[in-house]
Amino acid sequence: MSSPRDTSKFNTTDALLFFAEAMGTGGTSGAIERQEKQAQVELLNSTVIPTEIHGGTEADLTALGFKLGAAVEGDPLFRHAELPAGWTREGSDHAMWSYLLDEQGRRRCSVFFKGAFYDRKADMGIETVYSYVGHCLSEKTAPVLDDVWATPKAVRAAAAGQLARSAKSLEMYAHRTDDYGRERTAELKAEIAACNELYASLSVSSGEAESLAEPLVDPDCRDGKCHSCVGGPCEHSCHQGDSGEAETRG
């Protein structure tokens, strides 16, 4: 199959089959979900990509090694394209999302496709090193480095950026005492610790003997988030007992 079927162009037979399925288990919503899952399967087995691009341009895709073709006749939502050498398609547990993996198995493009007949849409985005590192951290896997894209320097910068994001989120939850607040605080501290570990490991592996280029946050800073915390243990006054905390707040 070269392109997913255009579900927005229902003929009489299609409509009858859909309504028959909607009368079964799951009702209309179940029938729509099954239609979206089928559309995802068709896209994964196709030779097209979405025409609309976020986070990049056609020139960026060409630079990655894509061979871009014309839009699909009668369905401009997609265009014919040959993936870069060694790249593959990967589905997900969400019917609307799939990914393009490079020759090293890294997610390099995300593809959104809603195949429901009433709201059919698609686009794709070019992944950054930052988003790739975020995926690795969430999956607890080590980033695969190279000398061009995910270089040690680029991944270190991405780890610092991910840490800053987690630290900012920690500000909203660190002082909450409800169950969700405590759970989210623990998750964010774990994310910060993972970012610190990744950053430090890359500094060592790249032979950097000097201190880390950017201060990293101590996830146990009792002030919730003080930006003077560097690595661990934190030496800020908020870690030096009640008097220090009072002094900090004053």
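Guide: Two strands pair if DSSP finds at least two bridges between them, and the strands (E, at least two residues) and helices (H or I, at least four) are DSSP runs numbered from the N terminus. The model is predicted, so local features need pLDDT of at least 70 and side-chain atom pairs count only at pLDDT 80 or more, while totals for chains, interfaces and linings use all residues. Residues are numbered from 1 along each chain as its sequence is written, and side-chain values use heavy atoms, with hydrogens and water left out.

Visitor: How many bridges join S3 to strand S4?

Guide: Strand S4 covers residues 75-82 and runs antiparallel to S3. One of the pairs brings together Leu 68 and Ala 81 of S4 as bridge partners. The number of bridges that join S3 to S4 is four.

Visitor: Which strands stand at the edges of the sheet?

Guide: The sheet is open, with three strands in the order S1-S4-S3 and antiparallel pairing. Each edge strand has a single partner strand, so one side of each is left without a neighbour in the sheet. The edge strands are S1 (48-50) and S3 (67-72).

Visitor: How far apart are the end C-alpha atoms of helix H5?

Guide: Helix H5 takes in the 22 residues 152-173. The expected span is 1.5 Å times one less than the number of residues, which means 32 Å for H5. The model agrees with that expectation, the end C-alpha atoms being apart by 31 Å.

Visitor: Which residues of H5 are buried?

Guide: Buried means under 20% relative accessible area, computed with a 1.4 Å probe on protein chains only. The buried residues of H5 include Ala 158, Ala 159 and Ala 160, and also Arg 156 and Gln 162. The others are Val 155, Leu 163, Ser 166, Ala 167, Ser 169, Leu 170 and Tyr 173.

Key: Buried means under 20% relative accessible area, exposed over 50%, partly exposed in between (1.4 Å probe, protein chains only).
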